[in-house]
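Hi everyone, thanks for making time this morning. I'd like to walk you through one structure, so let me put it up on the screen.

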Amino acid sequence: MPFWDKLEDLLPLNIISYSQEEKYVYRTDSTKFNGDPDIIINVTNQKEVIIAVNFAAKNDIPVIPRGAGSGMSGGAVPIKGGIVLNFEKMNQILKIDKKKRIAYVQPGVVVSDLQDKVKELGLYYPPDPSSNKVATIGGTVAENAGGLHCVRYGVTSRYVKGLKFVDSKGYLYSTGIYNNKYLPGASLLVGSEGTLGVITEIALELLEEPILKDTFLTYHESFMDAVNTVIKIKKTDIDPSVMEIIDSNSLKAVTQFKDINLKTGTDTVLIIQLDSNLLTDLLDRSSKLENLFKKLNILGYKKAESSLEAEDIWSLRRAISSSIKRISPNKLNEDISIPISEFPRIVEIVRNIENKYGLKIVIYGHAGDGNLHINILYDRNNKSETDNTIFAAEDIFKNTVQLGGSITGEHGIGLSKKNFLSLQYSKNEIGFMKKLKKAFDPALIINPDKIFNVQKDN
Ligand SMILES: Cc1cc2nc3c(=O)[nH]c(=O)nc-3n(C[C@H](O)[C@H](O)[C@H](O)COP(=O)(O)OP(=O)(O)OC[C@H]3O[C@@H](n4cnc5c(N)ncnc54)[C@H](O)[C@@H]3O)c2cc1C
């Protein structure tokens with residue numbers, strides 16, 4: 001490996017790794033995709049990132065930024081080899097400006113570490129993917145992650161007030177608040193899945209911590225009944241911070257391993273949470289919600305009377321993913337996003353697809369913001385089941401787009417959905433995105449061949 005030793009003159013030796021073990025760990029993320037990195041650089045500061053990218057640019061080597069590798073679309077997988085820039089050690093919360101409610105962080109900060117830290121100051125960072133105990137701020141910004149509380153508080157992009165990034169030549173740029181321009185909204189880097197530049201610092205807006213919470217578990221005799229409840233709640237000013245839906249197949253999986261008291265006849269449940277800092281406001285919205293339940297004639301509901309009871313409700317939601325893994329060798333977790341008015345139709349379609357291909361499909365997710373996790377259970381060692389799973393996913397994507405939805409709500413396109421991108425975007429639209437990629441990264445070294453393939457100009 002002749003030229004890698006030149007890098008050893010530029011960077012501290014202890015952050016460079018060629019070890020087979022480390023390369024094995026960083027060859028994949030939470031998907032089935034694999035790559036073969038040449039080298040891992042465990043960056044600890046911005047200067048090292050600049051040096052590494054500059055070296056990659058001079059030697060035409062791919063650079064793959066990586067947070068915790070919890071990504072569900074293959075974004076951090078080094079499919080073309082090259083340098084994995086691992087941000088796990090660049091994990092300092094640099095400053096929390098309590099007065100302006102802004103946190104300045106390095107990309108490797110784990111989301112829940114930031115949330116815990118700001119909570120000590122009475123502040124709140126809302127975007128909370130279920131992976132928040134491992135996922136990094138850099139990864140969540142690159143994927144524009146959503147989460148449980150985003151129905152009320154919005155997704156990651158709403159909180160990014162500025163960021164610093166290194167382009168494909170190794171030049172550093174500052175955007176938004178770092179430039180003294182308080183630009184609302186997100187930079188192009190947010191949601192770009194690590195394909196436009198390498199993020200080295202992020203300024204995040206914080207909110208006041210809502211300290212009062214009411215948590216409900218509602219029982220429904222059908223998925224449609226639960227969806228109808230979500231639609232009715234959305235038409236009021238109750239404004240829940242959580243509205244999660246859990247279907248019968250998910251409940252069957254969880255109840256195999258966990259005792260849960262469900263009302264007889266329950267097919268689907270909703271977890272609904274309201275939060276506030278004002279007791280009168282919380283009481284008012286809670287009583288409106290309970291009155292609505294009565295009018296809707298649902299099977300029943302439970303209101304948590306203590307934080308312990310609330311935790312018990314939440315444990316049901318948290319148990320879904322691991323329970324599914326225990327009942328099925330493999331699962332394809334698709335995260336469509338669709339207007340809530342179309343939920344009844346898409347669920348009917350998914351059930352037909354389930355029958356057509358003889359597969360089991362589990363549905364749960366952030367119903368309040370139209371984001372459904374559709375998990376197709378299968379066995380990778382069974383060829384026809386694996387093929388049918390791909391066909392079923394494609395059918396679901398086609399129908400989702402026809403109903404005005406999107407093939408991904410939060411996990412991104414990456415590698416998993418690049419073949420389906422043309423279902424959602426026209427040739428011109430994809431062509432425009434490719435031009436944007438080339439404008440940022442003409443040498444095509446930053447996370448190449450993710451989202452779509454781009455050819456170099458001659
Ligand atoms: C059990 C589980 C639950 C999940 N729940 C949710 C959920 O509720 N909501 C949700 O949105 N997602 C969820 N995810 C998916 C995943 O956690 C998110 O996509 C998360 O944003 C990935 O963060 P990460 O640090 O692991 O990034 P990685 O997987 O390491 O990388 C993701 C992408 O970000 C890029 N990237 C990372 N760091 C940088 C950087 N510094 N600069 C530029 N690009 C960078 C990478 O190149 C890659 O394209 C879940 C995943 C799991 C395994």
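Let's go straight to the second largest pocket, which has 30 residues in its lining. Lying nearest the centre are Gly-191, Glu-193, Ile-413, Tyr-425 and Ile-451. Please keep in mind that this is a predicted model. The volume of this pocket comes to about 580 Å³.

Which helices contribute to that lining? At least two residues each come from α5 (137-143), α13 (421-424) and α14 (427-440). The helix that gives the most is α14, with three residues. If you sort the lining by class, you get 12 nonpolar residues, 12 polar residues and six charged ones.

And where does the second largest pocket sit with respect to the domains? Residues in the lining come from both domain 2 (93-208) and domain 3 (213-402), so the pocket lies between the two.

While we have α5 in view, let me point out Gly-138, which lies in that helix. Gly-138 counts as buried because its relative accessibility is 12%, and the cut-off for buried is under 20%. If you want a distance for orientation, take Gly-138 and Ile-340: they are 202 residues apart in sequence, and their C-alpha atoms are 30 Å apart in space.

Staying with α14 for a moment, follow the chain into the segment after it and you'll find Asn-447. Asn-447 has a positive phi of about 45°, although it is not a glycine. For context, most residues other than glycine have a negative phi. Is Asn-447 buried or exposed? With a relative accessible area of 2%, Asn-447 is buried.

There is another residue to put beside it. Asp-239 also is not a glycine and has a positive phi, near 50°. You'll find Asp-239 in the loop between α7 (223-234) and β13 (242-246). Asp-239 is partly exposed, with a relative accessible area of 34%. So, to set the two side by side: Asn-447 is buried, whereas Asp-239 is partly exposed.

Now let's turn to the cavities. How many of 30 Å³ or more turn up in a search of the whole structure? The search finds one. The largest cavity holds about 40 Å³ of space. Its lining is made up of Met-72, Ser-73, Asn-333, Glu-334, Asp-335, His-411, Gly-412, Ser-416 and Lys-417. By class, that lining has one nonpolar residue, five polar residues and three charged residues.

Next, a helix I enjoyed looking at: α11, residues 343-357. Its 15 residues, at 1.5 Å a residue, should span 21 Å, and the C-alpha atoms at its ends are indeed 21 Å apart, so the expected span and the model agree. Which residues of α11 are buried? They are Phe-343, Ile-346, Val-347, Ile-349, Val-350, Ile-353, Glu-354 and Tyr-357. Look down the axis of α11 and these buried residues fall within an arc of 160°, so they line one face of the helix. On the face turned away from that buried side, α11 carries the exposed residues Asn-355 and Lys-356.

Let me pick out one of the buried residues of α11, Ile-346. Ile-346 has 0% relative accessibility, so it counts as buried. Between the C-alpha atoms of Ile-346 and Val-111, which are 235 residues apart along the chain, the separation is 32 Å.

Before I stop, two leucines. Leu-212 lies in strand β12, residues 212-220. Leu-212 is partly exposed, at a relative accessible area of 26%. How many residues separate Leu-212 and Asn-277 in sequence? They are 65 residues apart in sequence, and 5.8 Å apart in space from C-alpha to C-alpha.

The other leucine is Leu-251, which has its place in helix α8, residues 248-255. Leu-251 counts as buried, at 4% relative accessibility. Leu-251 and Leu-270 are 19 residues apart in sequence, with 11 Å between their C-alpha atoms.

If you take one picture away, let it be the second largest pocket lying between domain 2 and domain 3, since both give residues to its lining. Thanks for listening, and I'm happy to take questions.

Terms used
Residues numbered from 1 in each chain as written. Predicted model: local features only at pLDDT ≥ 70, side-chain atom pairs only at ≥ 80, totals over all residues. Heavy atoms only, no water. 1 Å grid on protein atoms, 1.4 Å probe; cavity = no way out; pocket = protein on both sides within 12 Å on 5 of 7 lines; lining within 4 Å. Points joined across faces, edges and corners; volume = space filled by probe spheres on them. Helix = DSSP H or I, 4+ residues; strand = E, 2+ residues; numbered from the N terminus. Nonpolar A, V, L, I, M, F, W, Y, C, P; charged D, E, K, R; others polar. Domains from an automatic or database assignment. Expected span 1.5 Å × (residues − 1). Buried < 20%, exposed > 50% of the residue type's maximum accessible area, 1.4 Å probe, protein only. Arc of directions from axis to C-beta.
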